[in-house]
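Biologist: Please take one close look at the charged pairs and work outward from there. Which elements do they sit in, and what lies around those elements?

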Amino acid sequence: MDMNLYGKVALVSGCSQGLGYHAALALAKQGADIFGVSIGDDSSLKKAIEATGRNYHSFTISLTTPGAIHQVMKEALAAYGHIDILLNYAAILKKEETLELTKLEWNSAYDINVSAAFFLSLEVIRQFQKQGHGGKIIKVGFREKKYGFSSTVMALEFDNGKKYY
């Protein structure tokens with residue numbers, strides 16, 4: 001699929017590995033500059049994106065750290081001045097059987113998989129409104145099944161305060 005994303009900035013959480021890594025690289029190949037947020041080493045992603053001729057800035061932080069979302073927005077806007085796309089890939093994938101999950105494991109997964117994605121999305125929506133134009137938000141969630149993975153994708157498009165599902 002050909003997309004013209006030149007001049008667009010994508011904020012991608014959870015981009016140091018897996019699908020987040022590949023999604024960030026795919027957007028760069030379509031012309032977007034990338035602001036990556038992760039807790040892992042993203043040096044190979046930086047090299048791959050810069051090889052496409054696009055810019056890559058990264059910020060290493062857990063989105064569950066108090067004040068992290070504000071810091072991410074501040075850094076992304078300092079680097080690029082605007083945000084057009086948010087890809088929420090940051091997640092914890094628990095491989096234990098559901099009946100074996102502890103409350104601490106449940107809470108840590110919920111904090112990153114749901115709460116952090118929600119509050120980062122809110123801040124990006126506020127930024128879209130300040131910019132006077134809309135953008136795209138995509139949240140990808142994963143759930144392990146006994147014999148493979150399933151995923152859920154929620155995509156929202158915002159245009160001057162109106163939302164389209």
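Modeller: Glu50 and Lys46 share helix H2, four residues apart, or about one turn of the helix. Their side chains meet in a salt bridge, with 2.7 Å from N to O. Keep in mind that this is a predicted model. Lys46 has 34% relative accessibility, so Lys46 counts as partly exposed. Glu50 comes out at 40%, and therefore Glu50 is partly exposed too. Both values fall between the 20% cut-off for buried and the 50% cut-off for exposed.

Ile49 also lies in helix H2. Its setting is another matter. Ile49 has 0% relative accessibility, so Ile49 counts as buried. Helix H2 therefore holds a buried Ile49 as well as a partly exposed Glu50. The C-alpha atoms of Ile49 and Ile34 are separated by 8.2 Å. Along the chain, Ile49 and Ile34 are 15 residues apart.

Now follow the chain on either side of the helix. H2 spans residues 43-51. Together, S2, H2 and S3 make a right-handed β-α-β unit. S2 and S3 run parallel and are joined by five bridges. One residue pair shows the register: Gly36 has Ser58 as its bridge partner in S3.

A second salt bridge belongs to this unit. Asp33 pairs with Arg54, and the closest N and O atoms are 3.2 Å apart. This pair links distant parts of the chain, 21 residues apart. Asp33 sits in strand S2, residues 33-38. Arg54 sits in the loop between helix H2 and strand S3, the latter being residues 56-60. Both Asp33 and Arg54 are buried. The Glu50 and Lys46 pair is set otherwise: Glu50 is partly exposed, and Lys46 is partly exposed as well.

Strand S2 has another neighbour. Five bridges join S1 to S2, and these strands run parallel. From S1 the chain crosses through helix H1, residues 18-29, to S2. That β-α-β crossover is right-handed. In S2, Val12 has Gly36 as its bridge partner. Gly36 also has Ser58 as its bridge partner in S3. Gly36 thus ties to both neighbouring strands, with Val12 on one hand and Ser58 on the other.

How enclosed is S1? Five of the five residues of this strand, residues 9-13, are buried, so S1 is largely enclosed by the rest of the structure. Both of its faces are covered. Val9, Leu11 and Ser13 are buried on one side, and Ala10 and Val12 are buried on the other. S1 also pairs with strand S4, residues 85-88. Four bridges join S1 and S4, which run parallel. In S4, Ile85 stands opposite Ala10.

How many salt bridges does the structure hold? The count is three. The remaining one joins the side chains of Arg126 and Glu123, at 2.6 Å from N to O. Arg126 and Glu123 are three residues apart in helix H4, residues 103-131, which means about one helical turn between them. Arg126 has 41% relative accessibility, so Arg126 counts as partly exposed. Glu123 is at 30% and is therefore partly exposed. Side chains of opposite charge can pair when their charged atoms come close.

Helix H4 also carries Val114. Val114 is partly exposed because its relative accessible area is 38%. With Trp106 and Tyr110, Val114 makes a nonpolar surface patch of about 320 Å².

Last, the aromatic rings. The structure holds two aromatic pairs. One of them is formed by Phe118 and Phe119, in an edge-to-face arrangement. Their rings are 5.0 Å apart, centre to centre, with 80 degrees between the planes. Phe118 has a relative accessible area of 46%, so Phe118 is partly exposed. Phe119 is at 45% relative accessibility and counts as partly exposed.

Note on methods:
Residues are numbered from 1 along each chain as its sequence is written. This is a predicted model: local features need pLDDT of at least 70, side-chain atom pairs count only at pLDDT 80 or more; totals for chains, interfaces and linings use all residues. Side-chain values use heavy atoms; hydrogens and water are left out. A salt bridge is a side-chain nitrogen of Lys or Arg within 4 Å of a carboxyl oxygen of Asp or Glu. Helices (H or I, at least four residues) and strands (E, at least two) are DSSP runs, numbered from the N terminus. Buried means under 20% relative accessible area, exposed over 50%, partly exposed in between (1.4 Å probe, protein chains only). Two strands pair if DSSP finds at least two bridges between them. A crossover is right-handed if, with the strands pointing away from the viewer, the path from the first strand over the helix to the second runs clockwise. Patches are made of residues with over 30% relative accessible area and no salt bridge: like charges are joined within 9 Å, nonpolar side chains (Val, Leu, Ile, Met, Phe, Trp, Tyr) within 5 Å. Accessible areas come from the Shrake-Rupley method with a 1.4 Å probe; for residues, only the protein chains shown count as cover. Rings of Phe, Tyr and Trp (its six-membered ring) pair if their centres lie within 6.5 Å; planes under 30 degrees apart count as stacked, over 60 as edge-to-face and the rest as tilted.
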